Amino acid sequence: MTTLRTWLNDEAPASAWQARCGSYYRGLDRALRSPMTLFGIAAVLLMILVAIVAPWLAGIDPNVQDFTCRLSPPSSAHWLGTDQLGRDLWSRLIYGTRPTLLIVLLVAWLSAPMGLVVGICAGYFGGWINTVFMRVTDIFMALPRLVLALMFVAVMGPGIINAVIAITVTAWPPYARLARTETLAIRNSDFLHAARVAGIPTWRILVGQVLPLCLPSTVIRVTLDMAGVILTAAGLGFLGLGAQPPLAEWGAMVSTGRLYIFDQWWVAAVPGAAILFGSLAFNLLGDGLRDVLDPKHA
Amino acid sequence: MKRWMFARSLARGATRALLTFALTVVGLLLITFLIQKASPIDPVLRVVGDHASPEAYHAVYVEMGMDRPLYVQFGRYLGKVSRGDLGVSTSTGRPVVEDLAQYFPATVELATVAIVLGVLFGVPLGMWAAQRHNGKVDQYVRVLSLVGYSVPIFWMGLMGLLLFYAKLKLVAGPGRIDDIWKYTLQSSTNFMLIDTLRDRNWEAMRNALSHLILPALLLAYMSMAYIARMTRAFVLEELGKEYVLFARVKGATETRLLWLHVLPNIAAPLVTVISLSYATLLEGAVLTESVFSWPGIGLYVTNALFTADVTAVLGGTLLIGFCFVALNAVSDQFGYWLDPRVR
Amino acid sequence: MPELIVENLQVSFPTWRGDVTVVNRVGFEMRTERLGIVGESGSGKSLTARAILGLIRKPGRVTADRMTFDGTDLAGLDEKRWRSIRGCRIGMIMQDPKYSLNPVKRVKDQIAEVAMLHDCVDRKQVHLRVLEMLAEVGVEDPIRVANCYPHQLSGGLGQRVMIVAMLINSPDLLIADEPTSALDVMVRGQVLQMMDREIQRRGMGLILISHDLNTVARYCDRVLIMYKGRIVETCRADRLFEAQHPYTRGLLACLPSAATRGQRLSVLDRAAIEAEAC
């Protein structure tokens, strides 16, 4: 083990691979020292775990209505109490991780590649492609995300898929900008020239050489954005535009709990705290990743 | 000679900004237009009803211009919007523009008070944290900021109402002003603070303030979180620069250094950050106003959503979108002007 | 000029590999003289200067057996006392005026600030004094220059502005940290001559830090050679070319001159120097 660590901490690395491993190791070390980052990593993993084992963890079906004990406070039967239809809040809280994480995952999966493609092409090919792509990116970037998503969902009908599309449409521009900046920085590098001279087809160069260099900053940005996506999705849920009832979604739960806020405040408080937790987790994770992958911005 | 060149470069920058702004607004309109076109709901049916005859349907179809090619329809749409015709709300029965004019001041008032508070607290806090980098203050400020932009605003509003209104009875509840005062006000700018001031109605003003204070403080906290974080980042970057060292060599105090030396240097990006935060507050109105029953654009749009009043939703979206884009453009220009190097 | 005494000065910084000492047992004394400090990048010369002005901040650590200026112990000073010394009794100019001057403030305000911070010049006379001094250092159009922003000035003008800013309070000692490294070769001589003239005229002391042996030999009375944080040799400037230490000899040998034209330039033999240093 010590030989590995010596190898990683070597002041004069013998190869680029060794240097990169060393810097990642040091970054990881830095990140793990920070309690906030550790909390972020643990929190995100917890959320994912909970979403997966939800049925076993919840115990009770989240959609079972029981009018005999509606709006009851936390008790041994219902750990977090019940909502206005007598549904168990603990169970709905657990199951609520699913739509949230689903939206986050889908938005990330759709928007990041979109942004990367636009940005890399704009940066690599330059000329009118660059101008057109960047203009379009600038226009999308200047649009209000929540309000536009709201309008989209209002017109197209509520539901998770529409919410995802709506958020994705305004989420991709930052990645395009980022990818373009990174691409421009290396566009005239020797190794790219060498690849071209060697006859490697352009798409291969872009995917094999340019793309990996854009990934670290994109990953950081995506993680940080996911915190905002959670808030936007919850906002849409609050307005009744996200996951539809009876699906347990935190934003919608806060909305229904609103009516009973002054007496049975836990109905709204608990799901909201979960949203805060989720958003916080991704923010911390993103900050931690930034420490690992991009230390000069720490 | 120099002044003429300066004026010319300023004019050039301004025209370019105006062009970008116009293009972005057109982009906004295009997107909203396309979304409407992609809607599964048939707008003609909404006008004629389900049981209309094919002739009536066709007549309305042509009248609404649906038979023309898309770009022509878009042109008509652009024309209508630029004339201020945003349609008629199906829930209030009034032209949407009138509705917006009535509700907009409330949103602006709340957002403005919030941003002022946010800046007043956020900038000094950010500077303080940067000065004590990695110290206790820095940690607290970072955690405070972190929570500030991770918290869902509508939930915080609810919790705030619960705590400060229901339990502690420190502030007034939902609404902008109690009904007693609402109809006695003579001035009618629809900005409560201005109206009560002009009427010299101090009771009413106190009442308005007690309604305003909670939502304003909560929104201020959110914008303060973002502003403090960005200020801290900007200041930290400046503190590594040589002119800071030179200022210390001159014998300047740390406070003087931060406020008189560093702040002018970060003024440009800071203005951009503040404008962005303001725009976000305006946008977030759709979530906060329903919680506080604050009669602004947000409440208008939310109500329109529940009554399926698409025209009103569209109108509200366009207004907020327009403000958002305008603020972005203005803040960019501001940044341009504040930097003497660019001049 | 009052005496500056430095004994056993050490500056170290913690890194993830342990503490690194960048200034190691440096000591010297000076009065009204021009002291040169020569060394390559990383030899610790700039940090020595910063330590004298108390500008090394955490996590850097500064220790010294003795560090006094005019009898005042510099090692234990609090910030308030430091501020009364900086810019008033000891001044420092740095390498590149484009970075050292505040980009968003006019030059005249930046110079006036130094005067007003220390109340050494009558407030009403400050701006007049600024213009006077700009003229004294060879600025041809003081009014125009005073109203400029730093990015509008050439390197030479910028350095003159810095020098005026540091001399306006008539300090006792001026530290010049590579003042001409960022300037055109032709301007260097002018700036150095002007600086030299002002120093002599006011009876000030000068610490000139440079990596250029010729400059130091010409404009200093005494020279300290630093290598890896240590002073390896001290000698009089006019005796510089008789220096003994292998590092100094190595540096001297690296200087290109007409005499060695056509021959291979020599290179420092670090192994020999390390052996000698230990």
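Reader: Let me start with the rule: a salt bridge is a side-chain nitrogen of Lys or Arg within 4 Å of a carboxyl oxygen of Asp or Glu. Which side chains meet in one at 2.7 Å, N to O?

Author: Those of B:Arg256 and C:Glu113. The rule finds 3 salt bridges across the interface of chain B and chain C. Before we go on: this is a predicted model, where local features need pLDDT of at least 70, side-chain atom pairs count only at pLDDT 80 or more, and totals for chains, interfaces and linings use all residues. Residues are numbered from 1 along each chain as its sequence is written, chains are lettered from A and ligands numbered from 1 in the order in which they are written, and side-chain values use heavy atoms, with hydrogens and water left out.

Reader: Got it. How many residues does each chain bring to the B and C contact?

Author: Chain B brings 19 residues and chain C brings 28, where contact means heavy atoms within 4.5 Å. The two chains bury about 2,300 Å² between them, and 62% of that is on carbon and sulfur atoms. On the chain B side, B:Phe246, B:Val249 and B:Lys250 supply 31% of the area buried against chain C, more than any other three residues. Buried area here is the accessible area (1.4 Å probe) that two parts lose on being put together, summed over both.

Reader: And how many residue pairs are in polar contact between B and C?

Author: There are 12 such pairs, both residues at pLDDT 80 or more. A polar contact is a pair of N or O atoms within 3.5 Å; within protein, one must be able to donate a hydrogen and the other to accept it, and residues adjacent in sequence count only if both atoms are side-chain atoms.

Reader: Which elements of chain B give two or more residues to that side?

Author: Helix H11 (242-250) and helix H12 (254-292) do. H11(B) gives the most, with 7 residues. By class, this side of chain B has 8 nonpolar, 4 polar and 7 charged residues. Ala, Val, Leu, Ile, Met, Phe, Trp, Tyr, Cys and Pro count as nonpolar, Asp, Glu, Lys and Arg as charged, and the others, Gly among them, as polar. Helices (H or I, at least four residues) and strands (E, at least two) are DSSP runs, numbered from the N terminus.

Reader: Switching partners: how much area is buried between A and B?

Author: About 3,900 Å², with carbon and sulfur atoms giving 81% of it. Chain A puts 40 residues into this contact and chain B puts in 48. The rule finds 1 salt bridge across the interface, and B:Arg229 and A:Asp287 meet in a salt bridge at 3.2 Å, N to O. The polar contacts come to 9 residue pairs.

Reader: Which parts of chain A are on the side that touches chain B?

Author: The elements giving two or more residues are helix H6 (127-141), helix H7 (145-156), helix H11 (202-238) and helix H13 (266-293) of chain A. H13(A) gives the most, with 12 residues. That side has 31 nonpolar, 4 polar and 5 charged residues.

Reader: How many helices and strands does chain B have?

Author: Chain B has 14 helices and 0 strands. Its C-alpha trace spans about 85 × 60 × 40 Å along its principal axes. Of its 343 residues, 48% are buried; buried means under 20% relative accessible area, exposed over 50%, partly exposed in between (1.4 Å probe, protein chains only).

Reader: Any odd backbone spots? Which non-glycine in chain B has a positive phi?

Author: B:Lys169, with phi of about 55 degrees. B:Lys169 lies in the loop between helix H7 (153-167) and helix H8 (179-182) of chain B, and is exposed at 64% relative accessible area. Over in chain C, a cis peptide bond joins C:Lys58 and C:Pro59, with omega about 5 degrees. C:Pro59 is in the loop between helix H1 (45-52) and strand S4 (61-63).

Reader: Last one: is C:Gln159 buried or exposed?

Author: C:Gln159 is buried, with a relative accessible area of 0%. This residue of helix H7 of chain C has a side chain that reaches the backbone oxygen of C:Gln95 at 3.2 Å. Leaving aside neighbours within four places in sequence, the contacts of C:Gln159 include C:Met94, C:Pro97 and C:Leu183.
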